[in-house]
Amino acid sequence: MTGITDPQSDALARSRAQWAAPQADDGSLLRDFLRQFTRSGLAVGALVVFTSIVLAAVFAPVLAPQNPYDLMQLDIMDGRLSPGSQGYTGTTFWLGTDDQGRDLLSGILYGLRISLLVGAGSALIAAVVGTAVGLVAAYAGGRTETLLMRLVDLQLSFPTILTALMILAVLGKGIFNVMLALIIVEWAIYARTARASAMSERRREYVEAAESLALPRWRIVFRHILPNCMPALIVIATIQIASAIAFEATLSFLGLGVPITEPSLGLLISNGYRYMLAGDYWTSFFPGVALLITIVSINLVGDHLRDVLNPRMER
Amino acid sequence: MITWLIRRLFQAALVLLSMTVLVFIGVNVIGNPVDIMISPEATQDVRQRAIEALGFDQPLWRQYLTFMGNALQGDIGNSYVYNQPAFDIILQRLPATLELALVALFLSVVIGIPLGLYAGLYPDNLLSKAIMAFSILGFSLPTFWVGLMMIMVFTVMLGWLPSIGRGETVEVLGMRWSFLTWDGIQHLILPALNLSLYKISMVMRLTRAGVRETISKDFVKFARAKGLSPRRIILVHVLKNIMIPVVTVIGLGFGGTIAFAVVTESVFAWPGMGKLIIDSINVLDRPMIVAYLMMIVIIFVTINLIVDLIYTTLDPRVRLETQE
């Protein structure tokens with residue numbers, strides 16, 4: 001072999017490798033997906049950040065310097081300390097304290113748990129409900145479809161905050177009602193997405209094949225069509241989780257969300273707001289930054305997922 | 001045109017009617033008004049008399065008809081807190097919210113369209129990339145936190161702008177407006193900017209996408225070949241063609257802007273409808289809640305109607321279709 005590489009054979013080899021690649025790991029959609037996903041450094045970084053946030057929330061009791069819900073551990077003498085200052089008993093509060101002497105770092109770690117739980121929980125329930133509605137509408141067609149889709153249009157034409165206000169005005173505050181409001185706000189988006197992708201899947205040959213085999217309808221819808229709609233739904237779900245977290249924070253900020261005994265990030269920000277005009281920037285600033293990093297990292301992952309999973313989808 | 005307008009007005013009335021049913025059911029059936037309006041310590045006898053006096057013993061459809069009959073006369077009941085007709089209080093607060101939303105709308109147009117145009121014309125420019133990055137932030141940052149940070153920077157740290165309330169107002173046409181006094185304008189800047197951030201990002205993105213798409217079309221090439229100045233091509237030919245999606249978003253979004261003013265008003269203590277509804281929910285002032293919801297629905301229906309009208313002037317094809 002000479003040292004010179006023939007550009008043509010080089011290109012050939014590369015294209016051969018490209019053709020061979022899917023066969024090399026055929027059946028391994030996951031590996032294929034991972035390889036594509038890791039191409040974007042930004043998305044991988046965002047995923048790492050988001051995973052750390054989730055881990056920090058899960059292990060909050062271990063990581064947090066104090067339990068912010070345990071009134072015995074709070075000392076009113078430590079109230080409104082600036083970040084990095086030492087408390088009455090000698091502990092250092094890296095992010096400062098709120099008016100009741102609660103360590104803000106611990107507050108944020110525990111608050112993340114509530115925010116993530118409410119946000120992700122309601123987004124997932126909304127995903128299940130909305131997807132089911134969308135699939136049924138797409139497969140049933142006719143009057144059922146018209147009715148369900150009209151409902152979806154109605155829901156989507158209404159500003160989210162108004163729907164939430166209505167629900168919370170009628171039912172009152174509390175974690176459960178906030179989740180209900182989030183689910184009602186978000187289900188329609190899943191329904192529309194599920195229907196759109198199910199409509200295009202319906203005309204495929206494999207559905208026809210399944211119908212020829214006289215498989216039961218529910219089986220065709222949930223075992224054949226649904227798995228093929230998953231990519232689009234996963235993308236929507238990722239972005240909806242971020243918006244659910246942001247929305248929960250907004251509702252809690254307005255005082256309509258989670259109870260004061262178990263503050264989410266939004267409520268922490270709202271509590272800090274009262275002291276901000278007096279110059280205590282940290283009580284609103286740091287929970288807000290935590291919220292921001294969470295939302296932006298999820299959105300970055302979601303944005304890249306969209307490119308990887310469904311290049312045809314409109315931006 | 002007239003037939004079309006009548007048909008649209010009829011549709012609007014229908015939407016309004018179905019919304020009253022929804023609101024009525026929501027407030028009177030899901031939530032039990034009896035529990036709220038009558039003290040739990042009241043004796044059975046007092047309770048029964050109160051139920052009769054308030055008409056809660058009537059069948060639901062009759063209650064609804066009474067409610068509608070009163071509502072048509074502008075009477076939704078007295079606010080429990082202010083002890084005045086709830087609708088009057090909403091009307092008093094409406095100008096503040098409208099002013100805020102209109103200024104926000106204005107900002108989103110005068111900031112969003114030029115920036116979007118620039119980003120669309122020079123997509124590889126560094127400034128364009130900065131504009132796009134800003135728009136992503138505008139989408140994902142929660143409004144209330146941005147508002148808080150604005151207060152922190154511009155009021156607390158720099159001391160440039162006030163952040164609480166409406167400032168000095170002037171009465172014109174029986175309503176109080178802030179934008180006519182210098183003090184009022186200063187008070188308006190931060191809340192209006194806060195409310196418009198999301199809209200600015202949206203308008204920017206739409207304009208950019210529209211410009212990118214339109215600029216390569218044949219009629220633009222033709223205009224260029226005809227020797228028209230680039231300024232005229234962009235400001236007349238391109239801009240006119242991208243106005244439809246922009247008008248849709250701005251116009252239909254105006255209802256959303258009014259609804260989302262709830263958040264901005266709470267942050268900046270702006271004495272509008274949004275702040276009122278939050279306070280009313282917190283004290284369970286039901287007539288107030290009903291009045292607010294009805295008001296929002298009316299605003300919504302009106303906006304839809306106006307946007308449709310603007311459509312027909314912007315795009316003659318729309319008019320042709322509806323006249324069949």
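# Exercises on helix packing, contacts and burial

Helices α3(A) and α12(A) lie oblique to each other. The model from which this is read is a predicted one.

**Exercise 1.** Explain why α3(A) and α12(A) are classed as oblique, and identify the residues that make their contact.

*Solution.*
Step 1. Locate the two helices: α3 spans residues 41-58 of chain A, and α12 spans residues 282-309 of chain A.
Step 2. Take the geometry of the pair. The two axes come within 8 Å and cross at roughly 135°.
Step 3. Apply the cut-offs. An angle over 145 degrees would count as roughly antiparallel and 65 to 115 as roughly perpendicular, whereas the remaining angles count as oblique. The pair α3(A) and α12(A) is therefore oblique.
Step 4. Add the handedness: the crossing in which α3(A) passes α12(A) is left-handed.
Step 5. List the residues. From α3(A) come A:L42, A:A43, A:A46, A:L47, A:V49, A:F50 and A:I53, and from α12(A) come A:I293, A:T294, A:S297, A:I298, A:L300, A:V301 and A:H304.
Step 6. Sort them by class. The contact of α3(A) with α12(A) holds eleven nonpolar residues, three polar residues and no charged ones.

**Exercise 2.** Decide how α8(B) is oriented relative to α10(B), and describe the make-up of their contact.

*Solution.*
Step 1. Helix α8 of chain B covers residues 182-214, and its axis comes within 9 Å of the axis of α10(B).
Step 2. The two axes cross at roughly 160°.
Step 3. Angles over 145 degrees count as roughly antiparallel. This makes α8(B) roughly antiparallel to α10(B).
Step 4. The crossing of α8(B) past α10(B) is right-handed.
Step 5. The contact of α8(B) with α10(B) comprises 17 nonpolar, eight polar and one charged residues.

**Exercise 3.** Characterise the side of chain B that touches chain A: how many residues take part, which helix gives the most, and which classes are represented?

*Solution.*
Step 1. Count the participants: 27 residues of chain B are in contact with 28 residues of chain A.
Step 2. Name the helices. In chain B, α1 (2-30), α7 (143-157), α10 (230-268), α11 (273-282) and α12 (286-314) each supply at least two residues of this side.
Step 3. Find the main contributor. With seven residues, α10(B) gives the most to the side of chain B that touches chain A.
Step 4. Divide by class. The side of chain B that touches chain A has 20 nonpolar residues, seven polar residues and no charged residues.

**Exercise 4.** Summarise the fold of chain A and the largest nonpolar core.

*Solution.*
Step 1. Chain A has twelve helices and two strands. Along the sequence they follow the pattern α-α-α-α-β-β-α-α-α-α-α-α-α-α.
Step 2. Chain A has 315 residues, of which 42% count as buried.
Step 3. Among contacts in chain A between residues at least 6 apart in sequence, 68% join residues at least 24 apart.
Step 4. The largest nonpolar core has 151 residues, and A:L165, B:A291 and B:Y292 touch the most other members. Helix α5 of chain A (residues 104-140) gives the most to this core, with 18 residues.
Step 5. Take B:A291 as an example: leaving out residues up to four places away in sequence, B:A291 touches B:I76, B:A86, B:F87 and B:I90.

**Exercise 5.** Determine whether A:A214, B:A269 and A:Y275 are buried, partly exposed or exposed.

*Solution.*
Step 1. Recall the cut-offs: 20 or more C-beta neighbours within 10 Å make a residue buried, and 12 or fewer make it exposed.
Step 2. A:A214, in the loop between α9 (205-212) and α10 (217-253) of chain A, has 6 such neighbours and therefore counts as exposed.
Step 3. B:A269, in the loop between α10 and α11 of chain B, has 12 and therefore also counts as exposed.
Step 4. A:Y275, in helix α11 (residues 265-276) of chain A, has 17 and therefore counts as partly exposed.
Step 5. Consider the backbone too. Most residues other than glycine have a negative phi. Yet A:A214 has a positive phi of about 55°, and the phi of B:A269 is positive as well, near 50°.

**Exercise 6.** Set separation in sequence beside distance in space for A:Y275 and A:D98, and for B:T181 and B:L60.

*Solution.*
Step 1. A:Y275 and A:D98 are 177 residues apart in sequence, and their C-alpha atoms are 8.8 Å apart.
Step 2. B:T181 and B:L60 are 121 residues apart along the chain, and their C-alpha atoms are separated by 50 Å.
Step 3. Place B:T181 in the fold: this residue is in the loop between β2 (175-177) and α8 of chain B. With 16 C-beta neighbours inside 10 Å, B:T181 counts as partly exposed.

Methods: Residues are numbered from 1 along each chain as its sequence is written. Chains are lettered from A and ligands numbered from 1 in the order in which they are written. This is a predicted model: local features need pLDDT of at least 70, side-chain atom pairs count only at pLDDT 80 or more; totals for chains, interfaces and linings use all residues. Axes are lines fitted to C-alpha atoms, for helices over the stretch in contact, and angles run from 0 to 180 degrees between N-to-C directions. Helices (H or I, at least four residues) and strands (E, at least two) are DSSP runs, numbered from the N terminus. Angles under 35 degrees count as roughly parallel, over 145 as roughly antiparallel, 65 to 115 as roughly perpendicular and the rest as oblique. A crossing is left-handed if the near helix is turned anticlockwise from the far one by less than a right angle, and right-handed if clockwise. Two residues are in contact if their C-beta atoms, placed from the backbone, lie within 7 Å. Ala, Val, Leu, Ile, Met, Phe, Trp, Tyr, Cys and Pro count as nonpolar, Asp, Glu, Lys and Arg as charged, and the others, Gly among them, as polar. A nonpolar core is a set of buried Ala, Val, Leu, Ile, Met, Phe, Trp, Tyr and Cys residues joined through C-beta atoms within 7 Å.
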